[in-house]
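Let's walk through this model together, one neighbourhood at a time. Keep the structure open and follow along.

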Amino acid sequence: MLCMSELLAPAGNIESLDAAIGEGADAVYLGLKSFNARMRTSNFAWNQFEAAVYAVHKQGKKIYLALNTIFEERETERLYGLLSYIDKVGPDGIIVQDYGVIRMCQEFFPNIEIHASTQMNVESAAAANLLYKDGVKRVVLARELGLNEIAEIKKNTSAELEIFVHGALCVSESGLCLFSSFLGGKSANRGMCTQACRRYYTAQYPDGLAKGYYFSPCDLQLIQYIPDLMDIGVDSFKIEGRMKSAEYVGSVVAAYRYVIDHCKEDKKAALETGRRLLASDFARTKSDFWYGFKAQDEGVLDAGEKVLNPDQAGGTGIYLGKITRLRAAPPELIAQVKKTVAPDAEPDSFKIQMAHFSGGSYDPEPGDSIRIHSKDDTGRMSHKVRSVEIDEDGTRWVDIPLKFDQGDSVYLLQIKSTSKRYSHILPQNMKNYNRQVRDETLPLLDLTPVPKNGISFFPDGIYTQVSSIQDVFFAQSLHPVRLIIEYNSGTRNDLILSKTVLPISKKAIFISLDPFCSPETEKRLAEDFEILIKNGYNSFVVNNIAHIALLKGKNVNMIAGPYLYTFNRWSASWLENQSIGAFIMPYENSRKNLEASFDALVRQKVLIPVFAYPALFRMRFALPASYDFDSFTGREDEAFKVVSSMDGSVVMPELPFSILDKIDFLADAGFKKFLVDFSHIKLSKSQLKSVSASIFKKQPLPGVSRFNWKNGFYSAQQIEMHKASNEKSATQFHENRTEERVSQKRRRTQKPHPKNSKRR
């Protein structure tokens, strides 16, 4: 029997909101100016959001607010004020990634409906059920799941399920990408992703170098699966695209609306009409990604071929050619554009020029949406054409953003014929919508202090993590107080069957679990845990909420791994309530935020990675057979390596992250546990020797990365404040210097008073 699933559309701006509602979306999701995963889109001002809630509800529709980023300890009070504001405005739910938001809502705002973001990395019934029991009504499943897997989850949970059905894909498993953050602090987990995966890379093949867009995935399109997903009982179909144009949103919503409404009466005709309505979507090549696979291993082997194409230039649109000539835009056009942009729009949005393209097969018209890629791959931008000028000789000039130059490539995203004029959703008079986020004092939250006798399973000292049984023996040279073994296809049999006699007690071994937990993995782990615990293993590093659900009540020690993000004490408190006894610091964290999150009384619960080749992004598939390389470089000669197997694929930096030389400093601050992580690499004696020397001599390793340890996350606001402060200081300096010069000149020209004159 078919259920009527919700059609949920993106509203990155007011025009997209109009298009989504105008084409029949049942609900929209949008973001504010902070704490959401699309910080690069325009988002909504306070009064616009309040008015949108009123207007959408008046139409009998729902509206959800995206708060789907992690937040730092210094931001908790601001978040508290924001939640208080949201509670008063009354959207139908908030979409969250950070466990701290759940904890704060439990404590102060129980009436706010919570939806777990896809960034929370949920892909099993065990994880969905744990969240549901803790007050989370809906779970947005990870995009790396297939039809059979979703059916399995739905059958075993009472939580509402929401899935993405159309739009951009991340090459990384949901919520696990550190790539953009590693390259400059612009974290995907903070809504600042620079889409570094879509860049042009040089790969080292056995027979030489080759260039390509190796990690730029196709777009997702699941319109053909809508009837099946409705049969399963999926509660909400989500369209990705808060950074897309209103025309894109309108055309995609129209297509999925038609299929949902008509597939019961004539499935074949409904799907044909839906596909035809999507024909004007000239974004990336479409893929059904993980759908169509009958087994997990089949998907691991073949999904990469379906979703990756290194010859696609960023995978975007129909090629219109390269920019061959440029000239200034007419003043009257610039003036016209200034009138049409929103009051809070970026200044660059009306800085335009005229360009001539050549090499393509279509001439863009006003109203068409295009995308421009810089030739050195340093920037990409979507742009709606406002004006086309044709010279007497037939040369066509199209307006484009000022930042692009000759040689840059242009692609068609959307044609004008699909554009419509929609009724405005927001009321014309906004004077009644004046709620603001107020400064509010957040009550103090204390984490559970460490008992006087300490934590016996979690001693002070060096911890070493490895990915193979062979490396267990190598790692002993560092004399770790605990050894962490990654649980993968290579180590599983050894640990389950006790095939190898390990040089360390099982009580001194932590088993680290992979952060992606599919329904099949969940079933296997449930069986494996029984055997492992019976064999004497009783400490586990958990990296997925499903791991917690499976291990609860089994009298084992659970340590929150680096992928159960604890960037604030509220998230740590939520995990404590799930029986977590200790924490491994996330790789993205900074010293300043670490110290702010964990007071002196709880710092002995924290294990700090001081050396690692962090997984910059993880893919739930083996790389295609044609990807016969294990290293590649970026445009600024950054070097990376990739490991691919039946466990999936991992990209890491060529040079490690290291703060080995900071161990004594950290110990003085009360942090006494340090992780040397050799995951995903094959250990060598020389590497162990250099790590050991760095620890002993307290000297930094050459050429390593500090990641975000010193500077923290990138913050445009902080940079602007720093810039303004410098400018103010410089102005003050020059004013003081000028005043001093004037004073000196005045003294020189002033005649001395007779009384004070001296004879010479």
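Start with two helices that pack against each other: H3 (residues 76–89) and H4 (residues 99–108) meet at an angle of about 55 degrees, and their axes are 11 Å apart. That angle makes the pair oblique, because it falls in neither the parallel, the antiparallel nor the perpendicular range. The crossing of H3 over H4 is right-handed. Bear in mind that this is a predicted model.

Which residues of the two helices meet? On the H3 side they are Thr 76, Leu 79, Tyr 80 and Leu 83, and on the H4 side they are Val 101, Met 104, Cys 105 and Phe 108.

H4 itself is mostly covered, with seven of its 10 residues buried. Those seven are Tyr 99, Gly 100, Val 101, Ile 102, Arg 103, Met 104 and Cys 105. Have a look at the start of H4 too: there, Asp 98 brings a side-chain oxygen to within 2.7 Å of the backbone nitrogen of Gly 100.

**The nonpolar cores**

Leu 83 of H3 deserves a second look. The largest nonpolar core has 218 residues, and Leu 83 and Phe 215 touch the most other members of it. Helix H9 (residues 246–262) is the top contributor to this core, giving eight residues. There's also a second, separate core of 13 residues, and among its members are Leu 320, Ile 372, Val 385 and Ile 400. As background, nonpolar side chains tend to be buried together in soluble globular proteins.

What does Leu 83 touch, leaving aside neighbours within four places in sequence? Its contacts are Leu 67, Ile 94, Val 101, Met 104, Cys 105, Phe 109 and Ile 112.

**H1 against H9**

H9 has a packing partner as well. Helix H1 (residues 14–22) lies against H9 at an angle of about 15 degrees, and the two axes are 8 Å apart. The two helices are therefore roughly parallel, as the angle is under 35 degrees. This crossing is right-handed. H1 brings Glu 15, Ser 16, Ala 19 and Ala 20 to the contact, while H9 brings Ala 246, Val 249, Gly 250 and Val 253.

**Charged residues and their partners**

Now for some charged side chains, beginning with strand E7 (residues 160–168), which holds Glu 162. Is Glu 162 buried or exposed? Glu 162 has a relative accessible area of 0%, so it is buried. Not counting residues up to four places away in sequence, Glu 162 touches Leu 8, His 115, Arg 138, Val 139, Val 140, Leu 141, Ser 236 and Lys 238. As for Ile 94, which sits 68 residues from Glu 162 along the chain, the two C-alpha atoms are separated by 13 Å.

Glu 160 is found in strand E7 too. With the same four-place neighbours set aside, Glu 160 touches Lys 137, Arg 138, Val 139 and Asp 235.

Arg 284 sits elsewhere, in the loop between helix H10 (267–277) and strand E12 (286–287). Its relative accessible area is 7%, so Arg 284 is buried.

Here are the side-chain polar contacts for these three residues:

| Residue | Partner | Polar contact |
|---|---|---|
| Glu 162 | Lys 238 | 3.1 Å |
| Glu 160 | Arg 138 | 2.9 Å |
| Arg 284 | Asp 219 | 3.2 Å |

**An enclosed helix**

Jump ahead to helix H17 (residues 569–576). Eight of its eight residues are buried, so the rest of the structure largely encloses H17. The buried set is Arg 569, Trp 570, Ser 571, Ala 572, Ser 573, Trp 574, Leu 575 and Glu 576. The N-terminal end of H17 is capped by Asn 568, whose side-chain oxygen lies 3.1 Å from the backbone nitrogen of Trp 570.

**Two backbone oddities**

Most residues other than glycine have a negative phi. Gln 195, though not a glycine, has a positive phi of about 55 degrees. You'll find Gln 195 in the loop between helix H7 (179–182) and strand E8 (201–205), and it is partly exposed, with a relative accessible area of 24%.

His 680 isn't a glycine either, and its phi is positive at about 70 degrees. The loop that holds His 680 runs between strand E32 (673–677) and helix H20 (685–697). At a relative accessible area of 17%, His 680 is buried.

Key. Residues numbered from 1 in each chain as written. Predicted model: local features only at pLDDT ≥ 70, side-chain atom pairs only at ≥ 80, totals over all residues. Heavy atoms only, no water. Core = buried A, V, L, I, M, F, W, Y, C linked by side-chain atoms within 4.5 Å. Buried < 20%, exposed > 50% of the residue type's maximum accessible area, 1.4 Å probe, protein only. Helix = DSSP H or I, 4+ residues; strand = E, 2+ residues; numbered from the N terminus. Contact = heavy atoms within 4.5 Å. Polar contact = N/O pair within 3.5 Å; in protein donor to acceptor, adjacent residues only side chain to side chain. Axes fitted to C-alpha atoms, helices over the stretch in contact; angles between N-to-C directions. Parallel < 35°, antiparallel > 145°, perpendicular 65-115°, else oblique. Left-handed = near helix turned anticlockwise from the far one by under 90°.
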